[in-house]
Amino acid sequence: MDEPTVTVGVDGSVYRFHPKFHNLMVEKISQLIKPGITFDLMLSEDGSGRGAALVAAVACREDILNGKK
């Protein structure tokens with residue numbers, strides 16, 4: 001994806017309950033993406049990968065509607 005800002009929906013108990021997992025993911029993703037790209041990780045609590053994708057899509061759409069993109 002060649003987007004300057006990306007929201008990633010994440011589900012699962014490890015992400016939700018592990019005290020350091022969010023920071024570990026942010027650190028690793030930061031190493032893997034192109035410089036200049038910003039991203040947010042957003043918890044999806046419905047236990048479904050489709051739900052995680054839906055959360056990311058809604059957050060992205062709200063950013064567009066609010067002029068953040």
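These questions and answers go through a predicted model of a protein.

The model is predicted, so local features need pLDDT of at least 70 and side-chain atom pairs count only at pLDDT 80 or more, while totals for chains, interfaces and linings use all residues. Residues are numbered from 1 along each chain as its sequence is written, and side-chain values use heavy atoms, with hydrogens and water left out.

Me: In what order do the elements of the protein run from the N terminus on?
Reply: The protein has three helices and two strands. Helices (H or I, at least four residues) and strands (E, at least two) are DSSP runs, numbered from the N terminus. From that end on, the order is β-α-α-β-α.

Me: In which helix is confidence lowest?
Reply: Confidence is given as pLDDT, the predictor's value for each residue, from 0 to 100. The protein has a mean pLDDT of 83, and 87% of its residues reach 70 or more. Where pLDDT is low, the predicted coordinates should not be read in detail. Confidence is highest in helix α2 (residues 21-32), at 95, and lowest, at a mean of 75, in residues 49-65, helix α3.

Me: What percentage of the residues in the protein is buried?
Reply: Buried means under 20% relative accessible area, exposed means over 50%, and partly exposed lies in between (1.4 Å probe, protein chains only). The protein has 69 residues, and the buried share of them is 16%.

Me: Which residues make up the largest nonpolar core?
Reply: A nonpolar core is a set of buried Ala, Val, Leu, Ile, Met, Phe, Trp, Tyr and Cys residues joined through side-chain atoms within 4.5 Å. The largest one here has five residues: Val6, Val10, Tyr15, Phe39 and Leu41. At least two residues of this core come from each of β1 (5-10) and β2 (38-43). Core member Val6 is placed in strand β1, and Val6 counts as buried because its relative accessible area is 18%.

Me: How far apart are the C-alpha atoms of Thr7 and Met42?
Reply: Thr7 belongs to strand β1 and is buried, at 15% relative accessible area. Contact means heavy atoms within 4.5 Å, and beyond its neighbours within four places in sequence Thr7 is in contact with Asp40, Met42, Ala56, Ala59 and Asp63. Thr7 and Met42 are 35 residues apart along the chain, yet their C-alpha atoms are separated by 7.0 Å.

Me: Which residues does Arg16 touch, not counting residues up to four places away in sequence?
Reply: Arg16 sits in helix α1 (residues 13-17). Its relative accessible area is 42%, so Arg16 is partly exposed. The C-alpha atoms of Arg16 and Glu45 are separated by 8.3 Å, with their positions 29 residues apart along the chain. With residues up to four places away set aside, Arg16 touches Leu43 and Glu45.

Me: Why does Phe21 count as partly exposed?
Reply: Phe21 is part of helix α2. Outside its neighbours within four places in sequence, Phe21 is in contact with Val14 and Tyr15. Phe21 counts as partly exposed because its relative accessibility is 28%.
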